[in-house]
Amino acid sequence: MRRQGRRKNIIESLGDRVGDEILRRNSGELVLTLPPITFRRWISYHGADAGGVASPASVPEGLGLVASRNLPRGEVVAEVPKKLWLDADAVAASDLGRVLGGGELQPWVAVALLLLHRLYDLLCRSGEELLEIQGTQLLSTTMGVKEYVQTEFDNVEAEIISSNKELFPGTVTFDDFLWAFGVLRSRVFARLRGDKLALIPLADLVNHSDDITSKESSWEIKGKGLFGRDVLFSLQTPVDVKSGEQIYIQYDLDKSNAELALDYGFTESNSSRDSYTLTLEISESDPFYDDKLDIAELNEGEIAYFDIVLGESLPPQMLPYLRLLCLGGTDAFLLEALFRNAVWDHLELPVSPDNEEAICQVIRNACKSAIGAYHTTIEEDEELLERENLQPRLQIAVEVRVGEKKVLQQIDDSFKKREEELDGLEYYQERRLKDIGLVGDNGEIIFWES
Ligand SMILES: C[S@@+](CC[C@H](N)C(=O)[O-])C[C@H]1O[C@@H](n2cnc3c(N)ncnc32)[C@H](O)[C@@H]1O
């Protein structure tokens, strides 16, 4: 499902003048105005199509790469020379590079500006509506991302865009900048981020399929020519593909549905994509705040984030962190400096019934309040998903929120079960008495022989 209807395929506009001819504005939509044959010629002119093995074509996911003959797994389907990439070097070599000098802009901001500079007269200005994601983590992440992009935009707007009107003659709005950010998020290959950030024309047409489960990367950067001087991006098909079928890769096995929705505008039905990030933090009003903070910093840090995946067990560090968070009363001796080196080892196992019960309550209350913040129930969402003709955006939002709720429900259920099992657990004092030989393996008191 496509997130931004206004862009068709940015790649044609990135490389050179031939590309600039291809995109034209048509009732606010970016459209491909040159016939695909011209685009293919442009690609093969630059030697990027690996001998015509795969061609850009219209597919259900928008544009995609289709095999021109039967391709065995590992066959190279695109080889894109560095001169066609949109990366920090392309920025440096452009008019924009001259203006930026060796400035300190983050790589993505520089590339986003280049994108806007090349496309300035083509952008339409429709604002992007938010998904129907009330109560979800996706909403807070989306809002966080928007705020971050807004801050970056305010800086470059003041320092670069408004003072270089010859490079940006139209009005560049926050929406345009957000669009450029969205293009980068959805089209940059996972390991090509940060300083290595680059948009790779042609290769960026490859769509994702969850049926591709191999962890191996489908691409590499190679040197070609004399002494490997010509760097190129080489994309291979991860599986056999028949002639006429689409080539797919796996974008990222580790991304949750919320991340897939945010980055690419689609979700997967695979339950391992349903996840919830629990954020745990020591309360400043905790009477042992300072000691707990010192201890937390030895391990997870002041704020701990735990990604919990549907159907999988809790992250191993979560219970020890929760034990620390809830430590109090007679158990507070573990916070003393004397125990500092061993405290995390002690927290690996149950400390006391009170502590373990407090953990269950804290988590169950947090789950209940998070579930209560969604404006629909799991059942209502499932009913919605069964409806035909659900708007794609609504469908994504519902899939993300129902997945989050299921994970929260799973966490609540597992702590409910734990609450019922508290009597059967072994706690610190018992372990201690066993260690010094005062209690036997079955809990019996051992008396000294006379
Ligand atoms: C790297 S681009 C791939 C080319 C893109 N289809 C186009 O038309 O330009 C990534 C975007 O393709 C679309 N896409 C890729 N795989 C998809 C999938 N399995 N389901 C739905 N959309 C997909 C999404 O819009 C995503 O943001």
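**Exercise 1.** In this predicted model, find which residue of strand 11 is the bridge partner of Asn207, then place the two strands in their sheet.

*Solution.* Start with the pair itself: Asn207 has Tyr248 as its bridge partner in strand 11. Next, look at the strands around that pair. Strand 8 and strand 11 (residues 246–249) run parallel, and two bridges join them. Now zoom out to the sheet: it is open, has four strands in the order 3-4-11-8, and its pairing is mixed. Finish with the edges, which are strand 3 (54–59) and strand 8 (207–208), each pairing on one side only.

**Exercise 2.** Work out how helix 6 and helix 7 pack, and which residues make the contact.

*Solution.* Two packed helices are described by the angle between their axes and the distance between the axes. Here, helix 6 (residues 137–161) and helix 7 (residues 174–187) pack at about 120 degrees, and their axes are 10 Å apart. The crossing of helix 6 and helix 7 is right-handed. On the helix 6 side, the contact is made by Val149, Gln150 and Phe153; helix 7 brings Phe174, Phe177, Leu178 and Phe181. Sort those contact residues by type and you get six nonpolar, one polar and no charged.

**Exercise 3.** Is Leu349 buried, partly exposed or exposed? Locate it in the chain too.

*Solution.* First, the location: Leu349 sits in the loop between helix 11 (343–347) and helix 12 (353–372). Then count neighbours. Leu349 has 14 C-beta neighbours inside 10 Å, so it counts as partly exposed; buried would take 20 or more, and exposed 12 or fewer. As a last step, check a distance: the C-alpha atoms of Leu349 and Phe189 are 41 Å apart, with their positions 160 residues apart along the chain.

Definitions and conventions
Residues numbered from 1 in each chain as written. Predicted model: local features only at pLDDT ≥ 70, side-chain atom pairs only at ≥ 80, totals over all residues. Pairing = 2+ DSSP bridges. Axes fitted to C-alpha atoms, helices over the stretch in contact; angles between N-to-C directions. Left-handed = near helix turned anticlockwise from the far one by under 90°. Contact = placed C-beta atoms within 7 Å. Nonpolar A, V, L, I, M, F, W, Y, C, P; charged D, E, K, R; others polar.
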